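Here are a few exercises to work through with the model open beside you. Try each task before you read its solution.

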Amino acid sequence: MTEPARPLPPGLGNAGLVERVGANVHRPRHPNSSSVEAFLVHLASTGCTDAPRFIGITDDNRQAVSYIPGDTGIRPNIGDPELLVSVAQLQRRLHDASLAFVVPAHSTWDTQLSSPSQANLVCHNDLNVNNVVAVGTLAVGAIDFDFAAPSDPHWDLAIALRHWLPVIDPSDRHGDWADIDTAVRFTAYLDAYGLSVAHRPHVAALIGQFLDHALAAMRRNAAARKPAYVRVWESGYPDVNRRSQTWWQRQIRSLF
């Protein structure tokens, strides 16, 4: 008997359209999906277990990937230093596994979150708290590779740091985020990733650039009347983003 499909927590791009079916996850396919699928096949070929395995294309033309058990999103241990370190180590493993991937000549990607400049490594580009699967304080996988694309790994780090420090004005933080020390977390994350001290000011500056980039991308998607983006935009995203930017520019001066 076929196991019934169960909806999974929605993301912005595929809100309400991702389902778990047995041991697999079925997701909508997009114009760039074949490139992402080739990348997932490569990751699996390296022995990397930090990403879903590409299973195939379903009869109704959806992408089937393996399900990674665990928790995602905001949860009671979200600010735990061990989880932070584990996410950084996961990101480093993904980058290392990507090094040997040869980007197909005619591949296409969704580049709206990838770096606007140097693009020499296929990166996840959206390693937010909803896209990391954890068991307790151990990050066991990254999901939702729809925005994977050739990018700058330092930019990919900046995106992850924006979400996992998090780079949010303290007036907009709640719960476990309220009292965390972002300077300590910045150092801990990049220590665990293995980034040299010399490159850290550049990554800090890229976080600010990404906030501007994300605001522009959110504006475009909301203007296109994509429902999930419209809801986020109208809930106050622009003001939160700008407060975060102002706060982060002050923080940078105390980091180095």
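**Exercise 1: a charged pair within one helix**

Asp96 is partly exposed, because its relative accessible area is 40%; buried means under 20%, exposed over 50% and partly exposed in between, with a 1.4 Å probe and protein chains only. This is a predicted model, in which local features need pLDDT of at least 70 and side-chain atom pairs count only at pLDDT 80 or more, while totals for chains, interfaces and linings use all residues. Residues are numbered from 1 along each chain as its sequence is written, and side-chain values use heavy atoms, with hydrogens and water left out.

Task: find which side chain meets Asp96 in a salt bridge.

Solution:
- Step 1. The partner is Arg92, at 3.1 Å from N to O. A salt bridge here is a side-chain nitrogen of Lys or Arg within 4 Å of a carboxyl oxygen of Asp or Glu.
- Step 2. Both residues sit in helix 2, 4 residues apart, or about one turn of the helix. Helices (H or I, at least four residues) and strands (E, at least two) are DSSP runs, numbered from the N terminus.
- Step 3. Arg92 is partly exposed, given its relative accessible area of 31%.

**Exercise 2: a pair that ties distant parts of the sequence**

Task: Asp50 forms a salt bridge; identify its partner and work out why the pair ties parts of the chain together.

Solution:
- Step 1. The partner is Arg93, with the closest N and O atoms 2.8 Å apart.
- Step 2. Asp50 is in the loop between helix 1 and strand 4 (54-57), whereas Arg93 is in helix 2, so the pair ties together parts that are 43 residues apart in sequence.
- Step 3. Asp50 counts as buried because its relative accessibility is 6%, while Arg93, at 37%, counts as partly exposed.

**Exercise 3: a polar residue in a loop**

Task: decide whether Gln112 is buried or exposed, then find what its side chain meets in a polar contact.

Solution:
- Step 1. Gln112 is located in the loop between helix 2 and strand 6 (121-123).
- Step 2. Its relative accessibility is 18%, so Gln112 counts as buried.
- Step 3. The side chain of Gln112 makes a polar contact with the side chain of Asn221 at 2.9 Å. Such a contact is a pair of N or O atoms within 3.5 Å; within protein, one must be able to donate a hydrogen and the other to accept it, and residues adjacent in sequence count only if both atoms are side-chain atoms.
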